[in-house]
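Please look over the sequence and the structure below. A short report on selected local features follows.

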Amino acid sequence: MWYLCVFYHRLLDYRKAEVESLAELFRVFGDDDGDNKESSSLKWRLPQHHHPDSPFHFVNLPSEDFARNIANRSILVKGIYELWGEGSSYEELEESIRCYPDERKLPYLDSGSTFKITVDCFGKVISFQEQNDRIKGLAYIPFKGRANLRNPDHNFWLMETDDYGTNNGLPPVVQRRIFFGREVGGADRKLLPTYQLKSRTYLGPTAMDAEIAFLMANQALATPGKLVYDPFVGTGSILIAAAHFGAMTMGADIDIRVVRDGRGPDCNVWSNFKQYGLPMPIALLRADNNLPPWRPGLKEIFDAIICDPPYGVRAGGRKSGGRKLLKGTVDPYTVPDDKRTDHIPSTAAYSLVECVHDLLDLAARMIVMGGRLVFFYPVLREDDYVEDHHYPEHPCFKLIAASEQILSSRYSRVLLTMVKIGPYTEEIAEAAQLKHIEFRENHLKWLEDGNLHSAVFSPADPQIAAAGDSSLSREPKPKYRGKYV
């Protein structure tokens with residue numbers, strides 16, 4: 001059945017990817033035979049005269065229960081509705097509602113139920129009096145129950161769009177469109193104020209925003225009984241979102257001061273979980289992703305790996321060894337027993353391309369078949385390979401979603417979601433190494449050297465930089481900024 005899906009006008013590239021991941025989570029495709037076949041995508045279509053970035057989409061779902069589960073778990077779905085009618089005017093809307101089958105309407109209009117009608121407009125604000133006038137205009141719908149504005153049995157929504165002005169940053173709509181429907185489910189956005197970073201006990205410079213962390217947990221299908229791992233755990237923001245959805249969590253970081261000490265006994269990663277009443281992580285390890293601590297032969301223990309690898313903008317990557325040790329100018333050493341407790345191992349620079357290769361190799365070894373790898377990957381928007389979607393690859397994984405988030409005029413990051421489709425073998429490891437070499441050769445020097453910071457923050461035009469006039473570099477604001485709003 002087709003339902004009207006209304007999104008929050010945020011993170012536009014993430015919206016469909018989140019819904020499709022949740023559809024997989026709730027098995028809307030009926031793929032229960034356990035062979036991990038690739039599921040077909042959901043069917044989507046746009047309302048008449050709407051831009052692809054419009055918050056209004058139609059999606060085909062098999063049942064109301066599945067639609068409700070998706071809407072209630074989602075972060076970006078404002079609501080999913082059983083559409084009773086639509087039109088470009090209120091006259092067309094009335095005709096459409098009257099034509100909707102009575103057997104679908106009457107169970108929600110009986111005298112023993114309560115209801116509420118909400119008026120919502122996208123792109124403009126209407127007064128309280130105008131809202132009342134629109135509700136009174138629905139008198140032709142035979143509501144027999146009582147109105148209840150606090151806790152109604154059934155929520156109905158009257159949603160309206162208009163032909164927007166030329167410079168308001170919203171998706172262009174050629175013609176006015178009005179929708180009326182019964183709410184099936186909606187996102188619980190109260191999660192975001194609860195988990196907002198500004199009220200968190202322990203924070204670091206790279207703490208993941210709560211909204212993005214929950215989106216990543218949804219992409220990874222975090223649910224009770226699953227084990228989720230973050231190899232760059234930092235202050236634990238991503239694992240907190242996974243733990244909220246009931247998953248068991250485990251993390252690692254190369255900085256022992258982060259995973260062990262924090263800023264004191266009441267201000268560390270553990271205290272963040274305690275703050276929200278979440279189950280504590282199974283373990284937090286001091287570990288180097290370049291030299292993983294797992295015993296030989298251990299594999300396929302994680303249901304998902306979710307992480308934000310260091311790529312040199314707010315924090316650079318580090319690996320064990322130190323410059324002198326890696327160059328061979330000093331010999332390997334053994335830490336004396338009396339200094340092991342407070343010893344902080346030396347580290348060296350860890351390039352992004354090496355970090356991504358190690359992450360994919362770790363995921364191929366340690367994720368169960370059908371499990372997911374979800375991680376951010378940086379891109380410079382003026383580079384050609386961004387248009388070609390040249391993202392990291394591995395023979396064990398299939399890329400199923402790539403959602404871009406614009407961070408500046410030159411720099412963005414893409415949330416990659418991969419699903420494991422094949423077992424890890426020595427032959428696969430060799431093939432992955434070849435892909436890694438090809439990937440490294442096809443990328444720019446900033447990626448191999450991990451020098452993304454200077455590439456992002458250096459002036460795009462040397463002549464403008466020399467002139468020192470920032471006003472010359474400003475471009476006129478486009479009439480519609482698309483997914484960059």
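Leu221 counts as buried, because its relative accessibility is 10% and the cut-off for burial is under 20%. The model is predicted. Leu221 sits in the loop between helix 7 (210–219) and strand 9 (227–230). Its phi is near 60°, a positive value in a residue other than glycine. Most residues other than glycine have a negative phi. This positive phi comes just after helix 7.

A second residue with positive phi is Glu300, with a value near 50°. Glu300 lies in the loop between strand 11 (283–286) and strand 12 (302–307). Is Glu300 buried or partly exposed? Glu300 is partly exposed, because its relative accessible area is 31%, between the bounds of 20% and 50%.

**Helix 7**

Leu221 follows helix 7, so what does the helix itself look like? Helix 7 is mostly covered, with ten of its ten residues buried. The buried set includes nonpolar residues such as Ile212, Phe214, Leu215 and Met216. It also includes Glu211, Asn218 and Gln219. At the start of the helix, a side-chain oxygen of Asp209 reaches to within 3.1 Å of the backbone nitrogen of Glu211.**Ser74**

Asn218 of helix 7 is also one of the residues that Ser74 touches. Ser74 is found in the loop between helix 2 (64–73) and strand 4 (77–87). It counts as buried, because its relative accessibility is 1%. Which residues does Ser74 touch, not counting those up to four places away in sequence? They are Glu18, Leu22, Ala187, Asp188 and Asn218. The side chain of Ser74 makes a polar contact with the side chain of Glu18 at 2.9 Å. The side chain of Ser74 also reaches the backbone nitrogen of Leu76, at 3.2 Å.

The side-chain reaches described so far are set out here.

| Side chain | Partner | Distance |
|---|---|---|
| Ser74 | side chain of Glu18 | 2.9 Å |
| Ser74 | backbone nitrogen of Leu76 | 3.2 Å |
| Asp209 | backbone nitrogen of Glu211 | within 3.1 Å |

**The seven-stranded sheet**

Now to the strands. An open sheet of seven strands has the order 11-10-9-12-15-17-16, with mixed pairing. Which are its edge strands? They are strand 11 and strand 16 (397–406), and each pairs on one side only. Neighbouring strands of this sheet are turned by 20° against each other on average, direction ignored.

Strand 17 (residues 411–420) runs antiparallel to strand 15 (residues 367–380), and nine bridges join the two. Leu373 stands opposite Met418 in strand 17. Arg372 has Val419 as its bridge partner in that strand.

Strand 17 is also joined to strand 16 by nine bridges, and this pair is antiparallel. Here Gln405 has Arg413 of strand 17 as its bridge partner. A hairpin of four residues links strand 16 to strand 17.

How many residues of strand 17 are buried? Ten of its ten residues are buried, so strand 17 is largely enclosed by the rest of the structure. Tyr411, Arg413, Leu415, Thr417 and Val419 point one way. Ser412, Val414, Leu416, Met418 and Lys420 point the other way. The charged-looking names are no exception: Arg413 and Lys420 are buried as well.

**The cores**

Leu373 returns in the packing of the interior. The largest nonpolar core has 85 residues, of which Met216, Ile305 and Leu373 touch the most other members. Helix 12 (residues 352–366) gives the largest share of this core, ten residues. Where does the core lie? Domain 1 (2–189) and domain 2 (192–457) both give residues to it, so the core lies between them.

Leaving aside neighbours within four places in sequence, Leu373 is in contact with Ile305, Leu359, Leu360, Ala363, Ile367, Phe397, Leu416, Thr417 and Met418. Among these, Met418 is the residue opposite Leu373 in strand 17. A second, separate core has 19 residues, including Trp84, Val119, Phe143 and Phe180.

Conventions
Residues are numbered from 1 along each chain as its sequence is written. This is a predicted model: local features need pLDDT of at least 70, side-chain atom pairs count only at pLDDT 80 or more; totals for chains, interfaces and linings use all residues. Side-chain values use heavy atoms; hydrogens and water are left out. Buried means under 20% relative accessible area, exposed over 50%, partly exposed in between (1.4 Å probe, protein chains only). A polar contact is a pair of N or O atoms within 3.5 Å; within protein, one must be able to donate a hydrogen and the other to accept it, and residues adjacent in sequence count only if both atoms are side-chain atoms. Contact means heavy atoms within 4.5 Å. Two strands pair if DSSP finds at least two bridges between them. Axes are lines fitted to C-alpha atoms, for helices over the stretch in contact, and angles run from 0 to 180 degrees between N-to-C directions. A nonpolar core is a set of buried Ala, Val, Leu, Ile, Met, Phe, Trp, Tyr and Cys residues joined through side-chain atoms within 4.5 Å. Domain bounds come from an automatic or database domain assignment.
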